[in-house]
Amino acid sequence: MNKNYGKTALKILDCATDIFAEKGFEGTIMDDLAEHCGVNKASIYYHFNDKASLYEVCMTRLFKKVVDQVILQVAQCDGLEEKLKTFVYEFAKGAYNHKQMPATLMREIAAAGKNMPVPARQQMQRLLGTLKEILIDGEKQGVFRCVDPLMIHFMIIGSLSFHITSEPMRLAIQSESKTDPSLDEAIGHVSELIYHALLSN
């Protein structure tokens, strides 16, 4: 992922990421992709060899943007509560600003991850590793109870990903009053619920 891509390759990556998020790996047709990107199909194959390689680069690059920011911000925090709430906040904001990520993540989960590239999956493992460190530190300090980090990970990532991807559907519901929380409110709810559920006392 340290490769320096030229202007055309970056254009293909940005466009392909949007198409993959919308249609999925199997639903993306290379002819259509080339047309959307404004390039010929040969150019795509020149830069990325095949659809699977392109998908791998797109997804790994996308996931890494969000995960890097979460890890960076958590590392700058001191207390357990601050670290946990920063983890939730940064993931939610990153996923909201890069909506292709939660869309792709939920699509891949529904398909048992059969097309999820290993390098992209490793980015999610980095995210889980960061959360696990917070939870283990909390347990060692006697602040958090012993929990399965993967389940907490699912609660955070799953609930926020669903909230983000379901936004268009929720907004389409006609109602005279507000029916669901904003992203900031959702972040607050998830943070508070998870934090207080983890407390050992």
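This is a short tour of one helix, some aromatic rings and two cysteines. Keep in mind as you click around that the model is predicted.

**Stop 1: helix α10**

Start by selecting residues 183-198, which make up helix α10. You have 16 residues here, reaching 22 Å from the first C-alpha to the last, close to the 22 Å expected at 1.5 Å a residue. Now show the side chains of Leu183, Ala186, Ile187, Val190, Ser191, Ile194, Tyr195 and Leu198: these are the buried residues of α10. Turn the view until you look down the axis of α10, and you'll see why they belong together: they fall within an arc of 145°, so they line one face of the helix. The spacing fits a general rule: an α-helix has 3.6 residues a turn, so residues three or four places apart point the same way.

What do the buried residues of α10 pack against? Add α5 (80-97), α7 (118-140) and α8 (149-165) to your selection, and you have the packing partners.

Before leaving, pick Tyr195 again, one of the buried residues of α10, and bring up Lys85 too. Lys85 lies over the face of Tyr195, 5.7 Å from the ring centre.

**Stop 2: the aromatic pairs**

Next, colour the aromatic residues. The whole structure holds five aromatic pairs. Zoom in on one of them, Tyr5 and Phe48: the rings are tilted, with 5.7 Å centre to centre and 40° between the planes. Tyr5 comes from the segment before α1 (7-27) and Phe48 from helix α3 (residues 41-48), so this pair ties together parts that are 43 residues apart in sequence. Phe48 is buried, with a relative accessible area of 3%.

Then move to Phe20 and Phe25. Their rings are stacked, at 6.4 Å centre to centre and with 20° between the planes. Are these two buried or exposed? Phe20 is buried at 1% relative accessible area, and Phe25 also counts as buried, at 17%.

Keep both selected and add Tyr55: ring pairs link Phe20, Phe25 and Tyr55 into a cluster. Now show Lys51 as well. Its charged end sits over the ring of Phe25, 4.6 Å from the centre.

**Stop 3: the cysteines**

Last, select Cys77 and Cys146. How many disulfides are there to find? The count comes to zero. As for their surroundings, Cys77 counts as buried at 8% relative accessibility, whereas Cys146 is exposed, with a relative accessible area of 62%. Switch on the surface to look at both sites.

Note on methods:
Residues numbered from 1 in each chain as written. Predicted model: local features only at pLDDT ≥ 70, side-chain atom pairs only at ≥ 80, totals over all residues. Heavy atoms only, no water. Helix = DSSP H or I, 4+ residues; strand = E, 2+ residues; numbered from the N terminus. Expected span 1.5 Å × (residues − 1). Buried < 20%, exposed > 50% of the residue type's maximum accessible area, 1.4 Å probe, protein only. Arc of directions from axis to C-beta. Contact = heavy atoms within 4.5 Å. Phe/Tyr/Trp six-rings, centres within 6.5 Å; stacked < 30°, edge-to-face > 60°. Lys NZ or Arg CZ within 6 Å of the ring centre and 35° of its normal. Disulfide = S-S within 2.5 Å.
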